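Student: I'd like to learn how to read a sheet in a model like this one. Can you walk me through it?

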Amino acid sequence: MKLTWSHAFVPVENLNEMVDFYTGLLGFNVSDRIGQEKDGNGVVFLSQDREAEHHQLAFASASELPKKAPAAHFAFRTTDLDTVKALALKLKAADESMTVKAMSHGNTWSIYFRDPESNGIEVFCDTPWMVDQPCSFEWNVDDDNDAIHQSTLAAIKDRPDFADNPRVSS
């Protein structure tokens, strides 16, 4: 059985704040609403590509659901390192107190941060290489792409499980 990502349905304490964060900083669009008026109750469906997926995230005010079910983090793939770096800078500019941690797992360049209700979010792109996990080390979003490629390769090239990533051309 092959499963592909469709959506997450998440209970939230402050529906309006969560919708503002995901639409304002992460580029989602509201694709649908159920019962959300000025009181902030209801369900809001969000997608970055409604034609491909009606919703990738659905947020429901906690009063709409029987209990809060926390998630460790949501992971979103993007196509390139520049997009990951730009988002890290955008998040820091929007909220200087926000912690944005840049980590490589050898096969990804990831940033980790939290939304207004402390749900973990990972945004990543693939590197041109594969390594078995666990593998984790920090990288600097302010470095140029060549320096990030070189430092990542230096960190993983001597591992016995090192290989080219078939999904990415170097």
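Student: Which strands form the open sheet, and in what order?

Tutor: Keep in mind that we're looking at a predicted model. For a sheet, list the strands by pairing neighbour, then look at directions. Here five strands form an open sheet, ordered β5-β8-β7-β6-β10, and the pairing is mixed.

Student: Which strands are the edge strands?

Tutor: Look for strands that pair on one side only. Those are β5 (73-77) and β10 (137-138).

Student: How do I read one pairing inside the sheet? Say, how many bridges join β6 to β7?

Tutor: Count the bridges and check the direction. Strands β6 (residues 101-104) and β7 (residues 108-114) run antiparallel, with four bridges joining them. To get the register, pick one residue and find its partner: K101 has Y112 in β7 as its bridge partner.

Student: What lies across β7 and β8?

Tutor: Here you ask which strands a helix touches, then how its axis is angled. Helix α2 (residues 81-94) lies across β7 and β8 (120-126), and runs at about 20° to β7.

Student: Now zoom out. What pattern does the chain follow along the sequence?

Tutor: Just read off the elements in turn: β-α-β-β-β-β-α-β-β-β-β-β-α-β. In total that's three helices and eleven strands.

Student: And how much of the chain is buried?

Tutor: Take the share of residues under 20% relative accessible area. In this chain, buried residues are 42% of the 170. The accessible surface comes to about 9,800 Å², with 49% of that belonging to carbon and sulfur atoms.

Technical notes
Residues numbered from 1 in each chain as written. Predicted model: local features only at pLDDT ≥ 70, side-chain atom pairs only at ≥ 80, totals over all residues. Heavy atoms only, no water. Helix = DSSP H or I, 4+ residues; strand = E, 2+ residues; numbered from the N terminus. Buried < 20%, exposed > 50% of the residue type's maximum accessible area, 1.4 Å probe, protein only. Areas by Shrake-Rupley, 256 points an atom, 1.4 Å probe, with all protein chains shown as cover. Pairing = 2+ DSSP bridges. Contact = heavy atoms within 4.5 Å. Axes fitted to C-alpha atoms, helices over the stretch in contact; angles between N-to-C directions.
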